[in-house]
Amino acid sequence: MRFDDVLKRLGLGPVESGACHDDWVGEPGGGEVASYNPATGEVLGRVLAAGRPVYDEVVDRAVAAFAGWRTTPAPRRGEVVRKIGAALRERKADLGLLVTLETGKIRSEGEGEIQEMIDMCDFSVGLSRQLYGLTIASERPRHRMMEQWHPLGPVGVVTAFNFPAAVWAWNAMVAAVCGDTVVWKPSPLAPLTAIAVHKVVAEVARAEGFPGVFNLCFGSIEDVGEPMLNDARLPLISATGSCRLGRRVAEVVGRRMGRTILELGGNNAVVVAPTADLDLAIRGIVFAAVGTAGQRCTTARRLIVHESLHDQVVDRLARAYARLPVGDPWDEGTLVGPLIHEGAVEAMQAALRRAGEQGGEVVAGGKRLNRPGWFVEPALVKAKAGMAVVGEETFAPILYVIPYRDLDEAIAIQNGVEQGLTSAIFTRDLLEAERFLSPEGSDCGIANVNIGTSGAEIGGAFGGEKATGGGREAGSDAWKSYMRRQTCTVNYGSELPLAQGVKFDI
């Protein structure tokens, strides 16, 4: 099946430029990169990557635009973001289908990703009138202290294939109302989605008189990735990806005293306690484990089940897995689409082989489908906490089921991996729920009760601890990461008293 019409409606031709500042760069100077449909293996389109000179040009434009954008009143910046949200609403169905075609997400998830962008626009519009500082009591007479927030500068945003649009919006919409300009490096696996989104956004920004606020620079690690990390013109780099990527970002940006927001891997666990509502738990676990074909950073990869329920839960999940509709992600009724590429299929098969060698047992799924594209059956594996493969994050739909005896053991298993993104417990015991959420409970940035690990709302700050990077994006007070804090003291008297009672009279 071909989808040429949707590409045309989004203004995408057979070969697109991957660089835009206040206008698209016709010859960006890098190589040509193909974008594939993971459900068919066919080429959707091709993108011209940016070379190093064009990267520098894009950042120069972002720096120049920042000079005017930072002095634009925040509510006016919010008005631009409001119009971006309106433009995205008009194109939601086509953009959502493009996400499906390029990443393999099912239709509801593809459109849900665009809705998440729209929600971030709405959130950021309100935020543009709420960038609050503080008034602080001074110990000195006739002095007033205050804390205020200023725009930080051009922000570099590096996104991954699994959320090719929404994660950019988490960063870009908040950064924009904070007065920052944005340079976006999208994933090489989903460049068409980034280009289509940027066409919408850049058109609004230009029409509002603010070209150069939003910038796109698609390119290789050598021409764009590493230069971004080393570029002192970008005081903040927000990067989403693997823990290995995050360590490199933290090392290079930290060396130049820059800031980072890192949203990295997640080896997430769900605990099923003896009092759990199993009907609720099974539904939550299945979506968390197989949604986006297991390619979310919030995917449930470990299921920690009380020993009294272990066999029952495994049996119910095996039956649920056997009924999962795996197929073309644009078809109504499909719940599991393809993996992103051949390497992801191979990585899943290798992980299942290691699990077997280490004493695990595949009780459902795990096979590759005999059809075009990169389709697999989601896998359910009986495992033990000490298995080395359980401590790894395989970006595929593998769920390891581990028994536990008491809550202390469950929490220890949950916390016993290097990542710390998201976690969940299913229980009807108030004390167990509160213990899981307490300082001695889950060590993750996100902890849920009676829902799964996936599907975070934009109103809360999103991010995790330990090797997940410690960054926070989207809601709550994550906006502070995109601004610089300034403490100010005003003396409105005629004396000059010093703090801490220091005397220095001349």
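Which residue in strand 15 is the bridge partner of A364? To find out, select A364 and then L380, because strands here are DSSP runs of E with at least two residues, numbered from the N terminus, and in strand 15 the partner of A364 is L380.

This is a predicted model, in which local features need pLDDT of at least 70. Residues are numbered from 1 along each chain as its sequence is written.

Next, show strand 14 (residues 361-364) with strand 15 (residues 379-382), which run antiparallel and are joined by three bridges; two strands count as paired if DSSP finds at least two bridges between them. Keep L380 selected and add L399, its bridge partner in strand 16; strand 15 and strand 16 (residues 398-404) run parallel, with four bridges joining them.

Now widen the selection to the open sheet of seven strands, whose order is 14-15-16-13-12-18-19, with mixed pairing. Strand 14 and strand 19 (446-449) stand at the edges with a single partner strand each, so one side of each has no neighbour in the sheet.

Finally, move to helix 7 (residues 191-207), a helix being a DSSP run of H or I with at least four residues. Its 17 residues should span 24 Å at 1.5 Å a residue, and its end C-alpha atoms are 24 Å apart, which agrees; the expected span is 1.5 Å times one less than the number of residues. Of these 17 residues in helix 7, 13 are buried, meaning under 20% relative accessible area (1.4 Å probe, protein chains only). After helix 7, select G209, whose phi is positive, near 85°.

Notes
This is a predicted model: local features need pLDDT of at least 70, side-chain atom pairs count only at pLDDT 80 or more; totals for chains, interfaces and linings use all residues. Side-chain values use heavy atoms; hydrogens and water are left out. Buried means under 20% relative accessible area, exposed over 50%, partly exposed in between (1.4 Å probe, protein chains only).
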